[in-house]
Amino acid sequence: MQPGIILLKEGTDSSQGIPQLISNINACQFIANAVRTTLGPRGMDKLMVDNRGKSTISNDGATIINLLDIIHPAAKTLVDIAKSQDAEVGDGTTSVVLLACEFLKQIKSFIEEGVHPQIVVKSYRKAANLAIKRIKELAVPVKKDDPDEMRKLLERCAATAMSSKLIATYKDFFSKMVVDAVLHLDELLPLNMIGIKMVSGGALEDSLLVKGVAFKKTFSYAGFEMQPKKYKDCKIALLNVELELKAEKENAEVRLDNVQEYQNIVDAEWDILYDKLDKVHKSGAKVVLSKLPIGDVRFYESEQQLDHPGKVYIGLLKIPD
């Protein structure tokens, strides 16, 4: 009888049987012990430092497990469980990891006694069906036709999710803000449209919800003190072009015979810039936002006698497509 041929990459470690199952369970237990103390309102935060020296303080299960450098293949499945819970629900990441590890802990003695894993899986599936049936009996129906009742329910859910976070003391304040932000989305609930801008200084109660687009940018050009800082019902121009003289490429080569040719090139560059500014002016836009750099356009305008008072230019913004 010829021996079987197993095609494995060189250096691959193959392990199976009850010892490997017990090793998988033990590896998951180490992960559970790392996040167990972060559960609940009295949970403690974890301070983690990566190999680049960046420190992170959090008690969120998905964040902690994602930052852990997990090598064991079975323990890595807990990372996927936490990520799935975070993506689907947004809360309970620590709970699902601890529940999964506790289930594994309870079956460890059965595996050691020789019970087949398929029997254990079948039993857990039956228990899951019974648990889902009981949950449906205890579930409270949501009255979507009553906006006030729906809002109160959402605020309570948001406050519960914040009970174990650093902002638990201000959960009443932030729960209302979170619900306001979510209710401004459409039916598809694109949560990536909700952004958070962190500004140094101030208290937590100084946080506010901007029902629109917000970005942190300072005015640094000459004469900005005289510019208006507030507009109402104004036109906004979103550009993907630079409003400054472009630098030549490193490998660019221009051969000239006389000074006049050089002056013609310079004049052509300025004409291109003036043409852009004139089109912006004719559009009637009061605020100009660009993904590319914007130079001192006020200087350009005065040189060309294009005095456009009251216009704000802001460049180098990350504008989504």
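In this predicted model, residues 24 or more positions apart account for 64% of the contacts in the protein chain that have a separation of 6 or more. The chain has 321 residues, of which 23% count as buried. Its secondary structure comes to nine helices and five strands. Read along the sequence, these elements follow the pattern α-β-β-α-α-α-α-α-α-β-α-β-α-β.

A suitable place to begin is helix α1, which covers residues 18-35. This helix has 18 residues and spans 27 Å from its first C-alpha to its last, close to the 26 Å expected at 1.5 Å a residue. Its buried residues are Ile22, Ile25, Ala27, Cys28, Gln29, Ile31, Ala32 and Val35. What covers these buried residues? The cover includes three further helices, namely α2 (61-67), α3 (73-88) and α4 (93-112).

The same helices appear again when the nonpolar core is considered. In soluble globular proteins, nonpolar side chains tend to be buried together. The largest nonpolar core here has 18 residues, and those with the most contacts inside it are Ile31, Val35, Ile65, Ile70, Leu78, Val97 and Cys101. The elements that give two or more residues to this core are α1, α2, α3 and α4. Helix α1 gives the most, with five residues. Valine 35 offers a detailed view: leaving aside its neighbours within four places in sequence, valine 35 is in contact with Ile64, Ile65, Thr94, Val97 and Leu98.

Helix α4 also holds threonine 93. Is threonine 93 buried or exposed? Its relative accessible area is 2%, and because buried means under 20%, threonine 93 counts as buried. Not counting residues up to four places away in sequence, threonine 93 touches Asp60, Gly61, Ala62, Ala82, Gln85 and Asp86.

A second, separate core has 10 residues, including Leu239, Leu277, Val280 and Ile294. Where is isoleucine 294 placed? This residue is in the loop between β4 (287-290) and α9 (297-303). Although isoleucine 294 is in a loop, its relative accessibility of 18% makes it count as buried. Isoleucine 294 and leucine 245 are 49 residues apart along the chain, and their C-alpha atoms are separated by 9.3 Å.

The next topic is the packing of two helices. Such a pair is described by the angle between the two axes and the distance between them. Helix α6 (residues 147-161) packs with α7 at an angle of about 125°, and their axes are 8 Å apart. An angle over 145 degrees would count as roughly antiparallel, and one of 65 to 115 as roughly perpendicular; α6 and α7 are therefore oblique to each other. The crossing in which α6 passes α7 is right-handed. Where the two helices meet, α6 contributes Arg151, Leu154, Glu155, Ala158 and Ala159, while α7 contributes Lys171, Ser175, Lys176, Val179, Asp180 and Leu183.

The last topic is a single loop residue. Aspartate 233 is found between α7 (171-183) and β3 (236-239). Most residues other than glycine have a negative phi. Aspartate 233 is not glycine, yet its phi is positive, near 55°. The relative accessible area of aspartate 233 is 77%, and because exposed means over 50%, this residue is classed as exposed.

Definitions and conventions:
Residues are numbered from 1 along each chain as its sequence is written. This is a predicted model: local features need pLDDT of at least 70, side-chain atom pairs count only at pLDDT 80 or more; totals for chains, interfaces and linings use all residues. Side-chain values use heavy atoms; hydrogens and water are left out. Helices (H or I, at least four residues) and strands (E, at least two) are DSSP runs, numbered from the N terminus. The expected span of a helix is 1.5 Å times one less than its number of residues. Buried means under 20% relative accessible area, exposed over 50%, partly exposed in between (1.4 Å probe, protein chains only). Contact means heavy atoms within 4.5 Å. A nonpolar core is a set of buried Ala, Val, Leu, Ile, Met, Phe, Trp, Tyr and Cys residues joined through side-chain atoms within 4.5 Å. Axes are lines fitted to C-alpha atoms, for helices over the stretch in contact, and angles run from 0 to 180 degrees between N-to-C directions. Angles under 35 degrees count as roughly parallel, over 145 as roughly antiparallel, 65 to 115 as roughly perpendicular and the rest as oblique. A crossing is left-handed if the near helix is turned anticlockwise from the far one by less than a right angle, and right-handed if clockwise.
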